[in-house]
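Colleague: Please take a close look at the salt bridges in this model. Walk me through the pairs and their surroundings.

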Amino acid sequence: MNDQYTVLTPEKVAVSFPIASIGSRLVAQLVDIVILVASTTGIAMLVGLILSLISFELATGMEIFLISAWMFLYFIVFEWLWNGRTPGKAAMNIKVVSHDGTPVTLRGAVYRNFMRIADFLPTFYFAGFVACFMNERSQRLGDLVAGTLVIHEPKTSPTYAMTPHHAGIHPLEESVGQLNTMTMEEYFTIKRLCDRFPELPPTVQVRSVEEIWRPFAEKEGIQPLPNVHPVYQMEAVVMRYGRQRKLF
């Protein structure tokens, strides 16, 4: 297994991710299992208490259904809505990402976690465990099917409160001008950079600003603002151009 996984972004920037060790993934799994056991016990007690007054058979059937569903929904919902993390993964500072380094999608979370069915069967569990050692990205069967991998997150990273590109008018739009000479290719390049920016390592963030944003800003005559990070002006460019061209 390689310690680093490197992808080349559409902006032609090489981004490296430290691959999570099998040990950290196992510990994260144990933490999640403890939480799952506690939560499923609570679900069973609550459903049993409510429905047993109506029908014992109904209560039993509903308990089995909800517990079975929750075993998958726990991982799917957390990984989809919490940027690839579950409580166990967050505790170990690891998360799931797509093979291109972007946040895991709902589809990816569903595919990788439904493959846990194979992990629960003794015949397949050995194959799922061995798969982690048989590829350089340390992917289990679910990762191979979904096109995902598990990486370590930096313990400290800048936090950016990004504005949705389609939401209203960005407060910095006046600083970026009319963008009369901006092309669609430049729009998609800067938009992708805005989308990826919070996930990029600090060194890649700096290099991306210098190699992608600075030349564009000079071409468009966009002056940097004091005490304002360039990512916010990039965001303003995306929002203004997208609204002008009715791309939303």
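Modeller: A salt bridge here is a side-chain nitrogen of Lys or Arg within 4 Å of a carboxyl oxygen of Asp or Glu. Keep in mind that the model is predicted. Lys219 and Glu220 meet that definition, with N and O 2.7 Å apart. Lys219 is partly exposed, because its relative accessibility is 42%. Glu220 is at 16%, so it counts as buried; the cut-off for buried is under 20%.

Salt bridges with shared partners also build one network, made of Arg25, Glu79, Lys89, Arg112 and Asp143. A search of the whole structure gives 13 salt bridges.

Take Arg112 and Asp143 from that network. Their closest N and O atoms lie 2.8 Å apart. Arg112 sits in helix H4 (residues 106-114) and Asp143 in helix H7 (residues 141-146), so this pair ties together parts that are 31 residues apart in sequence. Both ends are covered. Arg112 has a relative accessible area of 1% and is therefore buried. Asp143 is at 0%, so it is buried too.

Now Glu174 and Arg240. This salt bridge has its closest N and O atoms 3.5 Å apart. The pair links distant parts of the chain, 66 residues apart. Glu174 is in the loop between S4 and helix H8 (184-196), while Arg240 belongs to helix H10 (residues 230-244). Glu174 counts as exposed because its relative accessibility is 68%. Arg240 is buried, at 9%.

The strand before that loop deserves a word. S4 (residues 148-152) pairs with S3 in the antiparallel sense, over 5 bridges. His152 in S4 stands opposite Ile94. Strand S3 (residues 94-98) is mostly covered, with 5 of its 5 residues buried. That holds on both faces: Ile94, Val96 and Ser98 lie on one side, Lys95 and Val97 on the other.

Finally, the nonpolar surface. Leu73, Val77, Trp80, Leu81 and Leu106 make a nonpolar patch of about 460 Å². Helix H2 (residues 56-81) gives the most to the patch, with 4 residues. Val77 lies in this helix. Its relative accessibility is 37%, so Val77 counts as partly exposed.

To recap the pairs: Arg112 and Asp143 are at 2.8 Å, Glu174 and Arg240 at 3.5 Å, and Lys219 and Glu220 at 2.7 Å.

Key. Residues numbered from 1 in each chain as written. Predicted model: local features only at pLDDT ≥ 70, side-chain atom pairs only at ≥ 80, totals over all residues. Heavy atoms only, no water. Patch = residues over 30% accessible without salt bridge, like charges linked within 9 Å, V, L, I, M, F, W, Y side chains within 5 Å. Areas by Shrake-Rupley, 256 points an atom, 1.4 Å probe, with all protein chains shown as cover. Helix = DSSP H or I, 4+ residues; strand = E, 2+ residues; numbered from the N terminus. Buried < 20%, exposed > 50% of the residue type's maximum accessible area, 1.4 Å probe, protein only. Pairing = 2+ DSSP bridges.
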